[in-house]
Amino acid sequence: MANGLSVFQVFEMFPDEATAEAWFVAQRWPDGVRCIECLSSNVQVRATRKPQPFRCRACRKDFSVKTGSVMHASKLGGGGAGVGAGDVVAVGSVQGNVVASTGA
Ligand SMILES: [Zn+2]
C-alpha cells in the first residue's frame, strides 16, 4: 500500500477490538464523531453500545465507526488472524479517507 504501513503492523497496534475501534474513530472523525446520515455532530455515545455504539440526536440514526464503510463486514483487531486482501484494501481506504459503500 502507498501509506507504507503494512496491515500486520496496523493490527499489531491493536491489542483488542476496543483499541482498534478508537483508532478507526479517530481516523474517520478526527474532529469528533459525526452522524453518517445527516453529518450532525450532535451524537450520543451509548454506554451499552446497543444496538450501535453511536446514536444521532438529530435524525435518530444508530451507527458505528464501521457503518457505511468498507470496514462494515470486517472484524477489527484480532491480532491479524484472518487478515485477507479485503482487509488490506480497507486499511488503505481508511488512511486515504475514502469511504466506500462496499459491504454496507
Ligand atoms: Zn443524523
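User: When do two strands count as paired?

Analyst: Two strands pair if DSSP finds at least two bridges between them. In general, strands of a sheet pair through backbone hydrogen bonds, either parallel or antiparallel. This model is predicted. Its open sheet has 3 strands in the order 1-2-3, and the pairing is antiparallel. Strand 1 and strand 3 (62–63) are the edge strands, each pairing on one side only.

User: How many bridges join strand 2 to strand 3?

Analyst: There are 2 bridges between strand 2 (residues 54–56) and strand 3, and these strands run antiparallel. Within strand 3, Asp62 stands opposite Arg55.

User: Where does the sheet fit in the chain? What pattern does the chain follow along the sequence?

Analyst: The pattern reads α-α-β-β-β-α. That comes to 3 helices and 3 strands.

User: Now burial. What share of the residues counts as buried?

Analyst: The chain has 104 residues, and 16% of them count as buried. Take Ile36 as a case. Ile36 lies in the loop between helix 2 (17–28) and strand 1 (43–45).

User: Why does Ile36 count as buried?

Analyst: The cut-off is 20 or more other C-beta atoms within 10 Å. Ile36 is buried because 22 other C-beta atoms lie within 10 Å.

User: Which residues is Ile36 in contact with, leaving aside neighbours within four places in sequence?

Analyst: Its contacts are Lys61, Phe63, Thr67 and Gly68. Ser69 is 33 residues from Ile36 along the chain, with 9.8 Å between their C-alpha atoms.

User: And across the whole chain, what share of contacts between residues at least 6 apart joins residues at least 24 apart?

Analyst: That share is 48%.

Methods
Residues are numbered from 1 along each chain as its sequence is written. This is a predicted model: local features need pLDDT of at least 70, side-chain atom pairs count only at pLDDT 80 or more; totals for chains, interfaces and linings use all residues. Helices (H or I, at least four residues) and strands (E, at least two) are DSSP runs, numbered from the N terminus. A residue is buried if 20 or more other C-beta atoms lie within 10 Å of its own, exposed if 12 or fewer, and partly exposed in between; C-beta atoms are placed from the backbone. Two residues are in contact if their C-beta atoms, placed from the backbone, lie within 7 Å.
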